[in-house]
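The following note sets out comments on the structure shown below, arranged as numbered points for a colleague's consideration.

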Amino acid sequence: MTTPNKTPPGADPKQLERTGTVREIGSQAVWSLSSCKPGFGVDQLRDDNLETYWQSDGSQPHLVNIQFRRKTTVKTLCIYADYKSDESYTPSKISVRVGNNFHNLQEIRTYRKSERIK
């Protein structure tokens, strides 16, 4: 999502989109996964249904790659993870990396399960 201003922590991204505060740009990107179980892939990851999800099916690290066709500025990234619902399958660490291609990615932020994601 892109935002003209700073998004408040804990804000509902769907509500912000409805009010024009943010704009969802994920549809402009090509999404790929390091692995997935049948029926638990990109479509389920992106379908806006909190009852569906991506489930990896391979060795770690588990990756979600989002590639834009042209240079794109992303100011806000929203990730929904429900630790209370199924702690054993939610990530303990999320690393956000950016770059011009897959081979020059640089980590810009790491989130750990123990901290509140903002």
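1. A residue is called buried when its relative accessible area is under 20%, exposed when it is over 50%, and partly exposed in between. Ile79 has a relative accessible area of 45% and is therefore partly exposed. Ile79 belongs to the loop between β2 (64-68) and β3 (93-98). The model under discussion is a predicted one.

2. On the overall architecture, the protein chain contains 2 helices and 4 strands. Read from the N terminus, these elements follow the order α-β-α-β-β-β. The chain has 118 residues, of which 19% count as buried. Of the contacts between residues at least 6 apart in sequence, 35% join residues at least 24 apart.

3. On the surface, the protein chain exposes about 9,300 Å², and carbon and sulfur atoms supply 48% of that area. Ile79 also takes part in a nonpolar surface patch of about 380 Å², together with Leu45, Val64, Ile66 and Leu77.

4. Helix α2 spans residues 42-45 and includes Gln44. Is Gln44 buried or partly exposed? Its relative accessibility is 22%, so Gln44 counts as partly exposed; the boundary for a buried residue is under 20%. With residues up to four places away in sequence left out, Gln44 touches Gly39, Thr52 and Tyr53. The C-alpha atoms of Gln44 and Trp54 are separated by 6.0 Å, the two residues being 10 residues apart along the chain.

5. The count of aromatic pairs comes to 1. The ring centres of Phe40 and Tyr53 are 5.2 Å apart and the ring planes stand at 35 degrees, so the pair is tilted. Planes under 30 degrees apart would count as stacked, and those over 60 as edge-to-face. Phe40 lies in the loop between β1 (29-33) and α2, whereas Tyr53 lies in the loop between α2 and β2; the pair therefore ties together parts that are 13 residues apart in sequence. Phe40, at 27% relative accessibility, counts as partly exposed. Tyr53 is likewise partly exposed, with a relative accessible area of 43%. Tyr53 is also one of the residues touched by Gln44.

6. The loop between β1 and α2 also holds Ser35. With a relative accessible area of 16%, Ser35 is buried. Which residues does Ser35 contact, leaving aside its neighbours within four places in sequence? They are Trp54, Gln55, Ser56, Asp57, Gly58 and His62. The side chain of Ser35 reaches the backbone nitrogen of Asp57 at 2.9 Å.

7. Asp57, the partner of Ser35 in that polar contact, is placed in the loop between α2 and β2. At 46% relative accessibility, Asp57 counts as partly exposed, whereas Ser35 is buried. The two residues are 22 residues apart along the chain, and their C-alpha atoms are separated by 5.3 Å. Not counting residues up to four places away in sequence, Asp57 touches Cys36 and Lys37 as well as Ser35.

8. Two links between the loops on either side of α2 may be read together. The aromatic pair joins Phe40, in the loop between β1 and α2, to Tyr53, in the loop between α2 and β2. The polar contact runs from the side chain of Ser35 to the backbone nitrogen of Asp57, with Ser35 in the loop between β1 and α2 and Asp57 in the loop between α2 and β2.

Terms used: Residues numbered from 1 in each chain as written. Predicted model: local features only at pLDDT ≥ 70, side-chain atom pairs only at ≥ 80, totals over all residues. Heavy atoms only, no water. Buried < 20%, exposed > 50% of the residue type's maximum accessible area, 1.4 Å probe, protein only. Contact = heavy atoms within 4.5 Å. Areas by Shrake-Rupley, 256 points an atom, 1.4 Å probe, with all protein chains shown as cover. Patch = residues over 30% accessible without salt bridge, like charges linked within 9 Å, V, L, I, M, F, W, Y side chains within 5 Å. Salt bridge = Lys/Arg side-chain N within 4 Å of Asp/Glu carboxyl O. Phe/Tyr/Trp six-rings, centres within 6.5 Å; stacked < 30°, edge-to-face > 60°. Polar contact = N/O pair within 3.5 Å; in protein donor to acceptor, adjacent residues only side chain to side chain.
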